Amino acid sequence: MGVQSLVVACGAVALCLALTTATNPGFVVRITQAGLDYAHQQGIGILEKELAQLKLPDISGDSRVGRVGKVRYELSRLRLRDFHLPYSRITPISNVGLQVSISNAFAELDGDWRVKFLFLRDHGSFDVKVENVYIKISLRLGSDAAGKPTVSTSECGARISKVRVLFSGRLGWLYNLFHGAIESRFRKILEDKICDIVDKSVQNELQKFVQTLPVTARIDAKTGIDYSLVAPPRATAQSLDADLKGEFYSLAHRSTVPFSPLPLAFPSDHDRMVYFGASSYFFNTAGIAYHEAGALVLEITEDMIPKHVGFSLDTSTFSAFIPQLEEMYPNMPVKFRLSTPTAPFLTIGPGGISLKPIVDAQAYAILPNSSLAPLFLLSLTGNVSAVINVRSGRIVGSLDVGRIRVSLKDSAVGPFKVQMIQSLMNFLTSNTLLPDLNAQLDEGFPLPLLDRIQLYNILVKFYQNFLLLGADVHFQPQG
């Protein structure tokens with residue numbers, strides 16, 4: 001009984017540890033202070049325009065002025081001429097979110113006044129100068145059920161140090177006697193209205209914008225990428241990090257990846273506005289997805305052979321290595337069907353990306369009735385390296401294949417020496433298969449970018465188990 005209890009207890013502990021262990025991301029996005037500053041500039045520009053459209057209510061009331069007595073006043077048609085936010089900064093607060101501090105903001109507005117004092121009535125205009133406005137905004141970062149980022153205002157405070165109201169008109173002097181009370185009302189109304197505008201701007205502009213992050217991206221008819229957040233965005237002292245699932249999947253049938261992403265030792269680079277960390281897990285799930293979707297089955301046929309090479313893909317060409325082939329299938333076209341018995345697996349290190357795929361190459365003779373006669377099955381292995389770049393917001397690449405080693409797995413035409421056919425297979429792979437693959441890789445796949453974001457000044461670096469892409473950002477406003 002004691003042993004059974006111990007086993008149950010150990011199982012419970014193991015389960016708790018499994019549930020509390022954070023999921024490592026397959027893809028990481030880091031926005032540096034430079035990137036936050038740029039985003040902040042765009043946001044402040046939008047907030048400034050929205051504050052300039054602020055609508056203020058009419059103000060009326062009674063005020064007792066010294067020996068003059070009770071004065072009834074009314075301020076109407078308040079028009080905000082402009083609102084300027086000349087000094088502001090954004091700061092990531094570790095484990096909290098983002099803080100925006102605005103100082104020395106100022107605004108100007110005007111309006112009309114009416115006054116009733118004893119039997120006197122008059123009206124005129126006035127100007128208001130609002131100076132030394134300080135605004136503090138705290139933004140809470142999170143994620144929704146779909147894995148999209150969310151942002152909301154957790155705190156907003158506005159403080160106005162100076163309000164000056166200047167009245168004109170025959171009885172303007174009377175207003176100036178109790179301007180302090182009016183300025184106090186202006187201050188209170190503006191402070192409340194500023195935070196109302198901030199809340200609406202965050203909800204209607206910023207929240208809608210961050211929700212444009214594509215949590216799934218369709219690559220082609222067979223595969224997609226999952227870019228959903230595995231945890232809420234995380235603020236550190238110098239950056240904002242977003243951990244994404246970073247996983248390719250087959251559109252026809254999504255299966256569980258048989259391995260987990262490794263932790264990414266993200267470097268402390270801060271020269272670019274944004275960095276993308278694409279792990280080896282990310283790329284290897286692409287191999288699994290395409291393998292499951294049947295997209296890693298390719299063919300080499302006669303029409304793919306360059307005209308200048310001086311030979312045809314038929315049994316007469318191969319009879320030089322396999323004499324019996326000409327007797328069995330004289331002058332018949334040949335084609336190769338290439339497939340991977342398992343999904344290719346790549347490694348990433350400081351030297352770059354490399355992989356050693358194993359490819360089965362099944363040769364067929366094409367009979368006069370268009371049916372296929374199996375000839376032999378080869379196993380092809382070799383070293384493959386990749387060149388990676390970013391173009392138009394997409395990761396693009398190309399492959400370079402070293403010398404291919406050939407071994408015979410099966411033969412329906414009798415034994416033969418594969419060494420004789422190795423040079424031909426190297427030629428066919430390099431001159432027919434590789435260009436086709438590189439053309440597809442040149443189309444690339446999308447990075448997780450918000451709407452209207454363009455990247456430039458691209459940086460590509462390789463680290464252990466992940467690829468680091470750095471870039472500066474340009475935001476294209478809506479036309």
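This note sets out numbered points on the cavity, a pocket, the salt bridges, the disulfide and helix H5 of a predicted model.

1. Enclosed space. One cavity of 30 Å³ or more is present in the structure. The largest cavity contains about 60 Å³ of space. Its lining is made up of Glu247, Phe248, Tyr249, Ser250, His253, Arg254, Ser255, Val257, Thr285, Ile288, Ala289 and Glu292.

2. Character of the cavity lining. Five of the residues lining the largest cavity are nonpolar, four are polar and three are charged. Two elements, strand S12 (247-250) and helix H5 (280-292), each contribute at least two residues to this lining. Among the lining residues, Thr285, Ile288 and Ala289 also appear in the list of buried residues of H5.

3. Helix H5. Eleven of the 13 residues of H5 are buried, so the helix is largely enclosed by the rest of the structure. The buried set consists of Ser280, Tyr281, Phe282, Phe283, Asn284, Thr285, Ala286, Gly287, Ile288, Ala289 and Tyr290. The length of the helix also agrees with expectation: at 1.5 Å a residue, the 13 residues of H5 should span 18 Å, and the end C-alpha atoms are 18 Å apart. Just after H5, Gly294 adopts a positive phi of about 75°.

4. The second largest pocket. This pocket holds about 1300 Å³ of space. It is lined by 46 residues, of which Leu296, Pro344, Leu399, Leu437 and Leu441 are the closest to its centre. Two or more lining residues come from each of H5, strand S15 (334-339), strand S17 (352-355), strand S19 (372-381), strand S20 (384-391), strand S21 (394-401) and helix H8 (419-443). The lining comprises 31 nonpolar, eleven polar and four charged residues. Helix H5 thus deserves attention on two counts, as it supplies residues to the lining of the largest cavity and to that of the second largest pocket.

5. The Arg79–Asp110 salt bridge. The structure holds 20 salt bridges. One of them joins the side chains of Arg79 and Asp110, with an N to O distance of 2.9 Å. Arg79 belongs to strand S3 (residues 69-84) and Asp110 to strand S5 (residues 97-117), so the contact ties together parts that are 31 residues apart in sequence. The partners are placed as follows: Arg79 is partly exposed, at 37% relative accessibility, whereas Asp110 is buried, at 15%.

6. The Glu131–Arg164 salt bridge. The side chains of Glu131 and Arg164 also meet in a salt bridge, at 3.3 Å from N to O. This pair links distant parts of the chain, Glu131 being in strand S6 (residues 120-143) and Arg164 in strand S7 (residues 149-168), 33 residues apart. Glu131 is partly exposed, with a relative accessible area of 24%. Arg164 is likewise partly exposed, with a relative accessible area of 34%.

7. The Arg234–Asp243 salt bridge and a network. Arg234 pairs with Asp243 in a salt bridge, and the closest N and O atoms are 3.2 Å apart. Arg234 counts as partly exposed at 34% relative accessibility, while Asp243 is buried, with a relative accessible area of 13%. Elsewhere, Arg79, Arg81, Glu108, Asp110, Asp127 and Lys129 are joined into one network by salt bridges that share partners. The Arg79 and Asp110 pair of point 5 therefore has both of its residues in this network.

8. The disulfide. One disulfide is found in a search of the whole structure. It is formed by Cys156 and Cys195, with sulfur atoms 2.3 Å apart. The torsion about the S-S bond is about -85°, so the disulfide is left-handed. Cys156 lies in strand S7 and Cys195 in helix H4 (residues 179-210), so the pair ties together parts that are 39 residues apart in sequence. Cys156 is partly exposed, with a relative accessible area of 23%, whereas Cys195 is buried, at 12%.

9. Strand S7. Two of the cross-links described above involve this strand. Strand S7 carries Arg164, the partner of Glu131 in strand S6, and also Cys156, whose partner Cys195 is in helix H4.

Methods:
Residues numbered from 1 in each chain as written. Predicted model: local features only at pLDDT ≥ 70, side-chain atom pairs only at ≥ 80, totals over all residues. Heavy atoms only, no water. 1 Å grid on protein atoms, 1.4 Å probe; cavity = no way out; pocket = protein on both sides within 12 Å on 5 of 7 lines; lining within 4 Å. Points joined across faces, edges and corners; volume = space filled by probe spheres on them. Helix = DSSP H or I, 4+ residues; strand = E, 2+ residues; numbered from the N terminus. Nonpolar A, V, L, I, M, F, W, Y, C, P; charged D, E, K, R; others polar. Salt bridge = Lys/Arg side-chain N within 4 Å of Asp/Glu carboxyl O. Buried < 20%, exposed > 50% of the residue type's maximum accessible area, 1.4 Å probe, protein only. Disulfide = S-S within 2.5 Å. Expected span 1.5 Å × (residues − 1).
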